[in-house]
Each structure stands twice: as structure tokens, then as C-alpha cells.
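Subject: Structure handover

Hello,

Here is the structure for your work. The findings follow below it.

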Amino acid sequence: MSHLSATAQPPGPVLAIESSCDETACAILSPTGVCLAQRVVSQDGHADFGGVVPEIAARAHLALLPGLVEATLADAGLSTTDLGFVAASTGPGLIGGLIVGTSFAKGLALALDIPFVAVNHVEAHALTARLPGIVPDGAPFPYLLLLVSGGHCQCIAVDGVGHYRKLGGTIDDAAGEAFDKVAKMLGLGWPGGPALEKLAQQGNPNAIPLPRPLLRRPGCDFSFSGLKTAIAQKLAPFGQDPLPHQFAADLAASFQQAVADVVADRINHALDMMPQARLLVAAGGVAANTTLRTRLEEVAQQRGLRFAAPPLKLCTDNAVMVGWAALETWRESAERGLPTPNDTTLRPRPRWPLEDMAQRFEPGLTQA
Ligand code: KG4
Ligand code: ZN
């Protein structure tokens with residue numbers, strides 16, 4: 001079971017904050033990991049720029065957070081004095097937003113005299129599958145995680161809380177970045193992933209031949225820039241003219257199919273590198289893509305493995321995963337006989353490799 005054992009439970013609910021990119025989110029989870037309330041605001045000030053503008057994001061987090069936290073507490077029927085501890089994504093991500101969310105959470109924790117737990121955003125994605133209710137037996141370790149989001153594209157061996165091994169990753173764009181860039185070329189809105197998926201539903205995935213970068217190559221790295229260039233070449237003859245709708249839909253469907261083919265191949269290689277895995281987990285915004293999910297499910301089935309992907313709203317950035325990762329950290333610390341985590345001196349980090357997370361549970365080692 002992934003429910004926290006009684007001895008390892010904090011004295012009250014955790015209030016968690018997510019502000020590493022352009023989602024401002026707050027969630028409150030019970031000490032056993034039941035979500036009591038959660039809110040996500042997807043900032044809308046970035047669409048005109050075709051991507052997240054870090055300074056706009058940081059200012060929006062600052063403007064949104066106080067009201068969002070108050071509203072989430074009200075949804076849960078709680079006041080700040082009911083909280084057991086506070087958590088926030090402290091990295092990796094856009095430094096301005098991380099500073100806003102982390103400072104807010106630390107300030108709240110200090111004012112209430114309760115602990116603050118710093119959460120690695122990628123670790124939060126990695127552990128989401130263990131949230132109560134997602135996988136019947138709580139996604140026991142070890143499992144293989146495919147993390148595909150706007151900023152990340154990695155195959156990670158999840159051996160335990162704090163114990164992660166990167167088996168492979170992208171050598172150029174992240175999967176979500178590729179979706180967003182191709183969507184932009186097709187004149188779709190931003191973020192492009194969901195819009196591209198919608199358009200692809202009206203297209204033929206076999207209509208337009210596209211490359212499959214790194215297919216059947218050793219290892220499980222990814223590359224998407226060649227695919228992006230191929231799309232640009234298919235679009236070049238149209239110049240500034242509007243694209244025929246069916247052509248755009250066929251191109252979207254063919255792109256999605258190429259991504260799914262490549263990801264399925266890479267995951268097969270990653271599973272070869274991690275024969276002890278019994279479960280394949282997909283997380284991150286691109287894991288919301290139905291074509292990709294279906295392909296991953298097929299790969300898992302062919303290899304006699306289980307497949308799990310969190311519900312769509314837990315695949316994209318949210319604070320529930322942040323609260324859950326903090327609870328897992330709390331439990332792991334208790335089980336190892338370590339002091340209650342309290343990270344008020346830990347600074348936000350734009351880069352924070354998962355491999356560094358094991359330090360948290362090694363007595364005597366302090367985090368910078
Ligand atoms: O995990 P996420 O919310 O944010 C981070 O990057 O951390 O992922 C956002 C990314 C964007 O690139 C978005 O276009 C992509 O996930 N995305 C999708 C879909 N929904 C979101 N890509 C493909 N198909 C989707 N349905
Ligand atoms: Zn994310």
C-alpha cells in the first residue's frame with residue numbers, strides 16, 4: 001500500500017504549492033495522502049508570445065498565490081492553524097516562479113511554526129503514480145517512468161523514494177516542446193499539445209511520411225529536432241498561404257504517430273535496460289496524449305507489464321503531486337530514523353538533477 005504508515009504520518013495536512021512554470025497551483029492533502037482540495041490556474045498571459053515568458057510567469061504567481069491559497073483552504077474547510085506542514089516545488093524550473101512559490105511557502109511555515117519541505121518538481125511527477133487510488137497496489141518500486149513534458153523528456157528507473165537513475169533523455173527538444181513548436185508551425189494556439197491532438201483526430205496518421213529519429217538505435221535517448229525540420233519542409237511550399245485543413249490535420253496525425261512510434265521504441269529499449277521493472281508509468285503533460293498512452297499501454301502489454309498513467313489533470317503541472325512527494329519524503333525520513341524534514345534554508349534551484357535526491361536521506365550530508 002502506498003498509504004503512509006501511522007508512525008510516519010505528519011501531525012496534520014500538508015499545504016503544497018506549485019509555481020515552477022506557468023501553472024500556479026495549491027493543494028491540501030491529508031496526512032495519508034487523500035486530496036482534500038486542489039486548485040490550478042493556468043496563466044493566460046503567455047499565449048501572445050508563443051511560449052512561457054519567465055518574468056510574466058513570476059509576476060502572475062505573485063499576484064495569484066495569496067488568493068489561491070486562501071480559496072484552497074476554504075475548499076477544504078480548513079484554516080492555516082490546522083496544517084501539519086507546508087511544501088513547495090523548489091526546482092527545477094523557472095527561477096522567478098520558484099522563488100515566489102518557495103518564499104511564500106517558507107513564510108507561511110515560519111509564521112505557523114511548522115516544517116517546510118522542499119520538493120523536486122520532477123520527483124513529484126515521478127511519484128504521482130503512487131498517489132492513493134491511481135494504481136490498485138500503490139505502484140510498488142521499482143518501476144520505469146517515462147517523463148514527457150514541456151521541459152523534460154526522460155526515461156527514469158524509479159528504485160525508491162529519492163532513488164532515481166536516468167536511463168536516457170532527449171538530446172535536443174523535449175517531447176512537449178516538439179508538440180508546441182509543430183503546433184505553432186501549423187498555426188495552432190499555445191500550448192500546442194492539446195490543440196495538435198485535437199486537429200490530429202481529423203487526420204490520417206499514415207498520410208505523410210516522416211522520419212523516426214533514433215529508431216532502433218541502442219539506448220533510450222530521444223531526438224525530435226529532425227522531425228520538426230521535416231515538418232517545416234512539408235510546410236515550406238505553402239509559404240504564407242493558409243494551409244488546407246485536411247493537409248494540416250494529416251500532418252498533425254502523422255507527426256503524432258511518428259512521436260508515438262519513436263517513444264514506443266525507446267521505451268522498449270529502456271525496459272531492456274531495467275529488466276526488474278514490473279510497471280511502466282507515464283507522467284508529464286505529454287502523457288495526457290491519448291495516442292501516446294495507447295501505444296505505451298500496448299508496449300507494456302506485449303512485455304507482460306502493467307501500465308499506469310495518472311489522470312490527465314495529474315499529468316500536467318499541479319500541486320497534488322507536490323504534496324504527495326512531500327508526504328513520501330516525510331515517511332521515508334521517518335522510516336530511516338532521520339529528523340523531520342525542514343528545508344527552510346534550502347534555496348530554489350533552476351536545475352536540480354534527480355540523482356541528487358538520494359542525499360536527502362544520507363545522514364551527515366546537507367543540501368546546499
Ligand atoms: O508537465 P507540463 O504541464 O509542464 C511542464 O512542462 O512541466 O507539460 C506541458 C507540456 C506542453 O508542452 C504541452 O503542449 C504538452 O505538455 N501537452 C500535450 C498534451 N497536453 C499537454 N502534448 C501532447 N498532447 C496533449 N494532449
Ligand atoms: Zn511538470
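Does V100 count as buried or exposed, and at what relative accessibility? The model is a predicted one, and in it V100 counts as buried because its relative accessibility is 15%, where the limit for that class is under 20%. V100 belongs to helix 2. In sequence, V100 and L65 stand 35 residues apart, and their C-alpha atoms are 8.7 Å from each other in space.

Ligand site

Around ligand 1 there are 21 residues, and those that come nearest are G150, D180, G193, E197 and G285. By type, the residues of this shell split into 12 polar, six nonpolar and three charged.

Three polar pairs are worth listing:
- G176 has a polar backbone atom 3.2 Å from an oxygen atom of ligand 1.
- G193 has a polar backbone atom 3.0 Å from an oxygen atom of ligand 1.
- N289 places a polar side-chain atom 3.1 Å from a nitrogen atom of ligand 1.

How much of ligand 1 does the protein bury? On its own, ligand 1 exposes 560 Å², and 90% of that is buried by the protein. The largest pocket is the space that ligand 1 takes up. Three elements each give two or more residues to the shell around ligand 1: helix 3 (121-127), helix 4 (175-185) and helix 5 (192-200). Helix 5 supplies the largest share of that shell, with four residues.

Backbone

Some backbone angles should be checked against your own setup. Most peptide bonds are trans, and most residues other than glycine have a negative phi. The entries below are listed for that reason.

Which residues does a cis peptide bond join, with omega at about -15°? These are G91 and P92. P92 sits in the loop that runs between strand 4 (85-91) and helix 2 (95-112). A cis peptide bond also joins F141 and P142, here with omega at about -5°. P142 is placed in the loop between helix 3 and strand 6 (143-148).

Positive phi values come next. L214, a residue other than glycine, has a positive phi near 70°. R216, again not a glycine, has a positive phi near 65°. L214 is in the loop between helix 5 and helix 6 (225-235), and R216 lies in the loop between helix 5 and helix 6 as well. R216 has a relative accessible area of 66%, so R216 is classed as exposed, the limit for that class being over 50%.

Strand 10

R306 is part of strand 10, which covers residues 306-308. Why does R306 count as partly exposed? The relative accessibility of R306 is 34%, and partly exposed is the class between under 20% and over 50%. Between R306 and K184 there is a separation of 122 residues in sequence and of 35 Å in space, taken from C-alpha to C-alpha.

To recap the site for docking notes: ligand 1 occupies the largest pocket, the protein buries 90% of the 560 Å² that ligand 1 exposes alone, and the polar pairs include those with G176, G193 and N289.

Regards

How values were computed
Residues numbered from 1 in each chain as written. Chains lettered and ligands numbered in written order. Predicted model: local features only at pLDDT ≥ 70, side-chain atom pairs only at ≥ 80, totals over all residues. Heavy atoms only, no water. Near = heavy atom within 4 Å. Polar contact = N/O pair within 3.5 Å; in protein donor to acceptor, adjacent residues only side chain to side chain. Areas by Shrake-Rupley, 256 points an atom, 1.4 Å probe, with all protein chains shown as cover. 1 Å grid on protein atoms, 1.4 Å probe; cavity = no way out; pocket = protein on both sides within 12 Å on 5 of 7 lines; lining within 4 Å. Sits in = over half its atoms within 2 Å of the grid points. Nonpolar A, V, L, I, M, F, W, Y, C, P; charged D, E, K, R; others polar. Buried < 20%, exposed > 50% of the residue type's maximum accessible area, 1.4 Å probe, protein only.
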